[in-house]
Amino acid sequence: MRRHTFTRFAEALPAAVLAACSGPQSPLDAGSDEAAGIAILSWVMFAAAGLILVAVLALAAAAARAPAEQPRWATREGWVVAAGLVFPIVMLSALLAWGLSITGGGGGASSPPAAFRIAVAGEQWWWRVTYLGPDGSALFSTANELRLPIGQRVEVDLTSADVIHSFWVPGLAGKLDMIPGHVNTLPLVAGRAGTWRGQCAEYCGGAHALMAFTVTALPAPDFERWMAAQAAPAAEPDNAEGRRGRALFLASGCGACHAVRGTPASGTIGPDLTHVGGRPTIGAGLLPTQRGTLAAWIVDPGHLKPEVRMPPFPVFRGEDLRALAAWLESLR
Amino acid sequence: MAETDRRFFSGLLRIGAGPALWAAHLGLVYGVTAVACARGAGGVAAPTVVGLTLAAALGAGWIVGRELRRARAGPAGTRTSFFAAALAGLSLVAILWAGLPVVFVSACP
Amino acid sequence: MSRLPDPRPRPPEELEQLQEVWRQPGGWRLASAVNNTYVGVFYIGTALLFFVLAGILALLLRIQLAVPENDFLSQATYNQVFTMHGTMMMFLFAVPAVEAMGVYLLPNMQAARDLPFPRLSAYAFWAYAVGGLAFFCSLFFGLAPDGGWFMYPPLTSSEHSPGHNTDFWLLGIGFIEISAIAGAIEILVGVLRTRAPGMTLDKLPIYSWAMLVFAVMIVFGFPAVILGTALLEIERSFHWPFFIAEKGGDPLLWQHLFWFFGHPEVYIIFLPAAGFVSMILPTMCGTRLVAHRWVVLALVATGFIAFGVWVHHMFTTGLPKLSLSFFSAASMAVAVPSGIQVFAWIATIAKGRLRLTVPSLFVLGFLAIFTLGGLTGVMVAMVPFDGQTHDTFFVVAHFHYVLIGGMVFPLFAAFYYWAPTASRRALSERLGKWCFGLMFVGFNIAFFPQHVAGLMGMPRRVWTYPAELGWGWINMTSTVGAFILGLGALVFLIDLARNFRPFTGGNAGNVWNAGTLEWLPGGNYATRSIPIVTSLEPLWDQPDLAREVDEGRYYLPGAPTGRRETIVTSAIAAEPQYLMQMPGPGWPAVLAAWFTAAFFLLLTVKLVTPAMVCGVIALALVLRWMWDTDLGPAHPPVDIGGGIVLPVNCSGPMSHSWWAVVVLILVAGAVFASLLFSYFFLWTVSPDVWPAATGQALPGAEWPLAAAALLVLSSALVWWAGRRLEADGHWSVRLGLAAAAVALAAALAAELAGQRATGLSPTDSGYGAVVYMMAALQGLFVATLGIMALYTLARSLAGLLHRHRRATFDNTMLLWHYAVGQGLIALAVVHFGPRVL
């Protein structure tokens with residue numbers, strides 16, 4: 001009976017662990033060949049480590065229970081050398097060679113050239129994303145989201161505007177740090193359609209915990225449409241509320257920090273808001289982009305995200321606030 | 001310096017020879033790769049690493065051989081020989097491991 | 001020639017005199033104690049206090065993370081609390097705890113009466129205790145550091161962390177690192193030179209081996225972080241841009257310096273713990289350690305290879321993949337020695353019959369936890385795997401398995417095992433089993449799930465997380481486990497309160513039937529007489545040893561010079577060389593530590609004048625304390641028994657102080673090597689600020705040549721003064737030293753004048769900063785040697801310096817020649833470097 005319960009538990013455990021190790025930000029829930037390769041390496045290492053741990057514990061238990069009068073096993077130096085020196089060297093040599101082959105496979109001459117490049121700068125506490133043309137010039141700037149064409153190799157140039165951050169989309173690739181004075185390049189190839197969550201992995205002070213982003217992989221035609229839309233200036237508001245929102249935005253000095261292409265607002269301190277309404281989140285992965293969340297953010301961003309650099313704007317209230325949020329939401 | 005202190009330091013040198021070789025190898029391959037990549041001369045990294053690894057491995061192997069011979073020659077200082085040989089042996093493994101990446105990994109990103 | 005044990009009766013007053021000489025003052029004057037049995041216990045107690053405090057911080061962190069989107073702690077508080085938790089556990093608990101155990105155990109285990117520099121131990125302890133408590137209190141004023149325990153710039157630069165918080169870390173911890181180095185010098189010389197006669201290196205207890213490797217690792221590892229700390233504080237205070245990318249510095253330089261210390265640090269903590277295990281298991285199994293020499297080999301090998309793995313903390317920084325792979329390989333190599341030890345322990349268990357006492361349970365718990373921690377360590381050594389798990393809770397789980405499993409469990413085993421040597425009563429086996437059970441179960445519930453959290457993508461150092469990521473149940477489990485773990489620690493504290501009775505003049509005795517010398521009966525003077533050691537477990541092999549030692553039948557059965565004293569032995573064969581007289585209780589070292597702590601703390605909050613006053617007082621107290629050292633042949637040679645007559649005190653290369661200065665020079669050399677690394681590192685990453693690119697003029701050759709000539713002159717003068725001292729030519733010695741000091745200072749002035757003449761300023765660029773830093777480090781030596789020269793002159797004028805009493809001069813001379821060598825290398829690098837590179 002006990003055995004039966006144990007067996008059932010043993011069968012259920014891997015499933016539970018498997019379920020646990022998935023989700024929008026799990027490296028084991030792979031969306032690219034690279035992440036899949038690492039996931040396989042991971043599972044093999046977990047299995048091997050599990051076996052070794054059980055073997056060591058079993059040996060220790062057997063050793064502790066061995067009666068002293070019996071002929072003793074494992075008490076000679078040679079045994080220690082075999083188990084403690086030779087065995088690890090053999091195992092580790094194999095593991096090292098395999099690990100190195102995965103390390104070496106990620107880049108190098110054999111991989112196809114990048115379809116295009118994206119520059120991502122980490123800033124306290126958001127991501128400035130700039131899509132680059134073939135000549136390296138900026139096509140457009142967005143924030144806290146990347147979109148990629150499925151199956152194409154994209155190179156992401158990682159930099160920092162202030163402190164060290166780390167760019168990490170577990171579903172697609174390992175992390176790579178963003179370090180002032182350095183440009184680190186991370187190749188990404190999304191293997192299937194989907195959306196993955198990424199998050200800053202290097203402690204960057206203050207709101208480090210609230211510095212996330214999303215990466216969405218699209219079929220090529222959808223991706224081309226998205227690129228074209230992003231490159232276009234902001235749409236003219238088609239209703240009075242939108243026009244009122246835009247006027248408030250421009251009159252209240254929001255443009256000192258934010259750019260909205262197609263309007264006089266051209267600040268570069270904060271995120272480019274030209275198509276903010278089309279982004280999945282605001283506040284760097286903090287909240288879904290909706291009229292209500294936008295309004296709450298404008299009035300008191302520091303309440304939602306402590307130490308955020310944007311000052312609160314309690315001056316916006318009632319109709320004004322609704323109009324402003326409505327206009328921003330319409331910028332898709 | 002007293003005779004016993006002299007023996008202490010000569011023993012220290014023999015025991016430390018293998019690990020010192022390993023440390024020098026690691027420092028050199030790391031330094032060469034860092035400078036070569038920073039100066040856009042990634043091509044020189046791999047051959048240099050291979051050469052350094054072979055040289056260091058030969059050196060560590062030689063120390064193992066010498067200390068084993070010494071250990072066989074007489075009981076005096078067998079313990080020093082054991083430590084010197086075993087550490088050089090472990091260093092030899094570590095040197096070969098450190099050289100292994102050249103086979104799989106290209107020098108600079 | 002009499003043979004030992006000497007069967008003749010001992011004079012009746014001998015034991016009384018020994019007790020009188022080693023008597024400890026009572027009441028509040030207990031604080032002036034310098035003896036290792038007292039300072040050791042204070043030291044361990046203080047480390048335990050910080051363990052409890054940092055543990056409480058951990059519980060606060062766990063409460064905050066128990067549920068998603070919690071607001072138990074604010075973001076700013078959480079950031080301070082996690083920084084303090086890590087910093088305190090590493091710098092105020094782990095390293096001091098193992099060092100404290102060494103101070104307490106080593107002399108007893110080696111049957112020495114004390115460590116060679118008792119006041120240095122007292123100084124190191126008080127500096128740590130006072131500095132550490134003040135550092136902890138910064139939390140209550142919101143001034144605690146919040147940059148994470150590894151303090152990466154530019155987050156910790158003056159631009160991004162303008163408050164005093166970061167300075168508390170840099171000055172507070174920098175200062176505690178210095179105290180750790182003081183302790184390491186003490187332990188290194190202690191293991192090598194104060195052993196029982198006959199305790200040759202192959203009869204040295206394995207714990208002493210572990211502490212020897214530990215001390216060597218501190219000597220080479222800590223200087224890197226001390227230099228890094230100094231560079232960052234100088235950058236913050238004076239704007240020398242070592243780490244500022246726009247000015248040709250590099251944030252990665254900090255990471256190299258920090259982790260060159262930081263990874264060896266893990267082994268610095270683990271090796272002494274492995275030493276505990278290798279001592280406890282043989283006793284509990286009633287058999288000798290299997291593969292003894294392989295275990296020693298493993299300790300030594302770990303000590304070396306640990307210095308080749310630092311870059312594995314930097315796998316995600318974008319270094320060339322080939323570079324990363326070298327360190328991946330080295331990280332594999334460092335796992336091998338741990339494998340040897342694990343199987344040697346299992347073999348020992350198999351060979352003997354394990355008694356399931358509380359120490360045994362903690363050792364078994366350690367084996368289980370540490371093995372898993374080692375296996376995950378191999379995983380994160382794989383570059384691609386680390387790319388996914390670095391800076392996530394997987395790594396948090398890994399290093400808690402390694403540190404709690406590898407250090408805290410053996411430490412608790414050690415507490416239960418060795419408590420009977422310090423306390424009148426042993427600790428309770430019943431409470432101990434509860435303590436172990438709660439800690440083992442609680443630990444695994446707390447930390448195993450964190451592997452899963454990491455694999456679900458949870459980064460470390462996040463103060464909150466959104467509910468929809470599904471990390472809530474894992475974190476709740478972890479929090480529950482943490483509280484169970486905390487409960488285990490609480491049971492231990494209750495056990496201590498009920499049973500631990502130190503300083504009562506007696507102890508519980510050899511309750512485990514152990515074989516090593518710390519279980520000999522004795523008092524504050526350690527053992528009545530010092531035995532001859534003929535095996536690894538003397539108490540097992542010589543059944544009458546304990547009685548004979550206590551009857552005074554071996555070496556040094558009293559206090560023949562009327563002062564505290566211990567036998568100094570040779571490094572390999574442990575042959576008695578001379579009798580060292582030692583200080584008794586006294587205030588100067590203790591007060592010097594208080595004022596040193598005050599100096600650093602006041603400097604932190606930029607109260608410069610009071611800080612300087614405290615600094616001067618501290619220096620005066622140190623000199624006062626030093627004044628009583630270098631006793632010379634204060635007593636005629638002494639018969640210590642067994643036909644051995646030893647000189648009293650000693651100078652020259654045989655003396656313990658000479659060895660200590662040699663170790664100090666190794667520390668200084670490691671600091672300088674770190675600075676040279678910084679120079680070449682900045683050249684590698686930022687050639688654009690080097691003179692070849694900027695056109696910055698270099699000083700003409702006459703400047704460095706003049707400086708070099710002055711340096712050589714200064715060394716020659718000191719050498720000449722040493723020769724004249726041999727002939728007791730006192731005025732030549734005084735003049736020679738004074739002239740040498742002037743030459744040394746003039747060399748520095750020439751270097752500075754040469755650099756200033758080109759218009760180079762340290763605030764210009766990383767190049768300017770590192771060039772002037774070379775001069776600044778030399779300046780530190782000029783100042784130190786200036787003080788030492790004045791002090792030597794003062795001793796000479798007081799008639800305390802002559803050819804038989806010259807350790808003060810010798811120590812100054814050794815450091816002098818080192819400083820000249822360092823200065824010459826610095827000149828060569830600073831002046832040839834830019835012309836060649």
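**Exercise 1. Determine which residues Leu15(C) is in contact with, leaving aside its neighbours within four places in sequence.**

Solution. Begin with the criterion: two residues are in contact if their C-beta atoms, placed from the backbone, lie within 7 Å. With neighbours within four places in sequence set aside, Leu15(C) is in contact with Arg528(C) and Gly552(C). Next, place the residue: Leu15(C) belongs to helix 1 (residues 13-21) of chain C. Helices (H or I, at least four residues) and strands (E, at least two) are DSSP runs, numbered from the N terminus. The model is predicted: local features need pLDDT of at least 70, side-chain atom pairs count only at pLDDT 80 or more, and totals for chains, interfaces and linings use all residues. Residues are numbered from 1 along each chain as its sequence is written, and chains are lettered from A and ligands numbered from 1 in the order in which they are written.

Then classify the environment. A residue is buried if 20 or more other C-beta atoms lie within 10 Å of its own, exposed if 12 or fewer, and partly exposed in between, with C-beta atoms placed from the backbone. Leu15(C) has 19 other C-beta atoms within 10 Å and is therefore partly exposed. Finally, compare sequence with space: from Leu15(C) to Leu170(C) there are 155 residues in sequence and 49 Å between C-alpha atoms.

**Exercise 2. Describe the overall form and the domains of chain C.**

Solution. Count the elements: chain C has 24 helices and 4 strands. Its radius of gyration, taken over C-alpha atoms, is compared with the globule rule of 2.2 Å times the number of residues to the power 0.38. The value for chain C is 27 Å, close to the 28 Å that the rule gives for 837 residues, so the chain is as compact as a globular protein of that length. The C-alpha trace of chain C spans about 85 × 80 × 45 Å along its principal axes. Of its 837 residues, 65% count as buried. Among contacts in chain C with a separation of 6 or more, 81% are between residues 24 or more positions apart.

Domain bounds come from an automatic or database domain assignment. For chain C they are domain 1 (1-18 + 527-583 + 629-650), domain 2 (33-499), domain 3 (597-628) and domain 4 (665-836). The C-alpha centres of domain 1 and domain 3 of chain C lie 39 Å apart.

**Exercise 3. Establish whether strand 4 (residues 145-149) of chain A is enclosed or open, and identify its pairing partner.**

Solution. In strand 4 of chain A, 5 of the 5 residues are buried, so the strand is largely enclosed by the rest of the structure. Glu145(A), Arg147(A) and Pro149(A) point one way, while Leu146(A) and Leu148(A) point the other way. In a regular strand the side chains alternate between the two faces of the sheet.

For pairing, DSSP must find at least two bridges between two strands. Strand 4 of chain A runs parallel to strand 10 (residues 212-218) of chain A, with 5 bridges joining them. Within this pair, Arg147(A) stands opposite Thr216(A).

**Exercise 4. Analyse the hairpin formed by strand 2 and strand 3 of chain A.**

Solution. Strand 2 (residues 126-132) and strand 3 (residues 138-143) of chain A run antiparallel and are joined by 5 bridges. Val129(A) faces Thr142(A) across the pair. The hairpin has 5 residues between its strands, and Gly136(A) in the turn has a positive phi of about 90°.
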